[in-house]
Amino acid sequence: MDPAERKARCERFARLCRERGLARTVQRRVIFEIVAERTDHPTADQVFELARKRLPGLSRTTAYRVLELLADLGVVTKACSPGAATRFDPMTQRHHHLVCLRCEKLVDIVDERLGRGVALPAAQARSFQVRDFSIHFHGLCAACQRQARAKQRGTVDQSNRAHQRGLERQRASGRQERSKR
Ligand SMILES: [Zn+2]
Ligand SMILES: [Zn+2]
């Protein structure tokens, strides 16, 4: 993230805290900074582990509570993920995600054309208040595709080798048969 963007986010956070009469405690500041610095959508546990290095006395419960507060304030968002854990996202403008089903990597996509014309069916629109939406493209990232291909090649090689060994055995026993005669 470029420094100007980071500065703008920090200022927005400070302003929202002032407006709500919330103290910008060191825990809140550090946890916000940790999420803001990352683009990989960390889980609450990952944020906690990083925050603990800077704030040795920090408890997991406090870290979780601060993350919920930041999400409430709207300075971080919660991104849906293929795993069970909520992932936190410093990007608050509308954006979409590539989701790797294997390594659970989440990559941001910002493209205004995406989702244009998306609307809830009338029946749901009456009872559900939409605040935002995001599109998730589920699949395999480049690294996981490479791994899958390598694994496939490995099994092909293995079956080739087994096939080869079988042929060699056949040939050897053929030779034995012939020498017996
Ligand atoms: Zn992957
Ligand atoms: Zn995101």
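Two strands are taken to pair if DSSP finds at least two bridges between them. In this predicted model, strand β3, residues 96-100, is joined to β4 by four bridges, and the two strands run antiparallel. Within this pairing, Leu-98 lies opposite Val-107 of β4, and Val-99 faces Leu-106 of β4. The hairpin formed by β3 and β4 has five residues between the strands, and Glu-104 takes a positive phi near 65 degrees there.

The β3-β4 pair belongs to an open sheet of three strands, arranged in the order β4-β3-β5 with mixed pairing. Strands β4 (106-109) and β5 (136-139) stand at the edges; each has a single partner strand, so one side of each is left without a neighbour in the sheet. From one strand to the next, the twist averages 20 degrees. In a regular strand, side chains alternate between the two faces of the sheet.

The sheet is set in a chain that contains six helices and five strands. Along the sequence, these elements follow the pattern α-α-α-α-β-β-β-β-α-β-α. The chain has 181 residues, of which 16% are buried. Of the contacts between residues at least 6 apart in sequence, 50% join residues at least 24 apart.

Helix α1 comprises 18 residues, from 3 to 20. At 1.5 Å a residue, a span of 26 Å is expected for α1, and because its end C-alpha atoms are 26 Å apart, the model agrees with that expectation. Gly-21, just after α1, takes a positive phi of about 70 degrees.

Two packed helices are described by the angle between their axes and the distance between the axes. For helix α3 (residues 44-54) and helix α4 (residues 60-73), the axes come within 10 Å and cross at roughly 120 degrees. This crossing of α3 and α4 is right-handed. On the α3 side, the contact is made by Ala-44, Val-47, Phe-48 and Ala-51, while α4 contributes Arg-60, Ala-63, Tyr-64 and Leu-67. Classified by residue type, the contact of α3 with α4 has seven nonpolar residues, one charged residue and no polar residues. Arg-60 of α4 is the charged member of the contact, because Arg counts as charged.

Technical notes: Residues are numbered from 1 along each chain as its sequence is written. Chains are lettered from A and ligands numbered from 1 in the order in which they are written. This is a predicted model: local features need pLDDT of at least 70, side-chain atom pairs count only at pLDDT 80 or more; totals for chains, interfaces and linings use all residues. Axes are lines fitted to C-alpha atoms, for helices over the stretch in contact, and angles run from 0 to 180 degrees between N-to-C directions. The expected span of a helix is 1.5 Å times one less than its number of residues. A crossing is left-handed if the near helix is turned anticlockwise from the far one by less than a right angle, and right-handed if clockwise. Two residues are in contact if their C-beta atoms, placed from the backbone, lie within 7 Å. A residue is buried if 20 or more other C-beta atoms lie within 10 Å of its own, exposed if 12 or fewer, and partly exposed in between; C-beta atoms are placed from the backbone.
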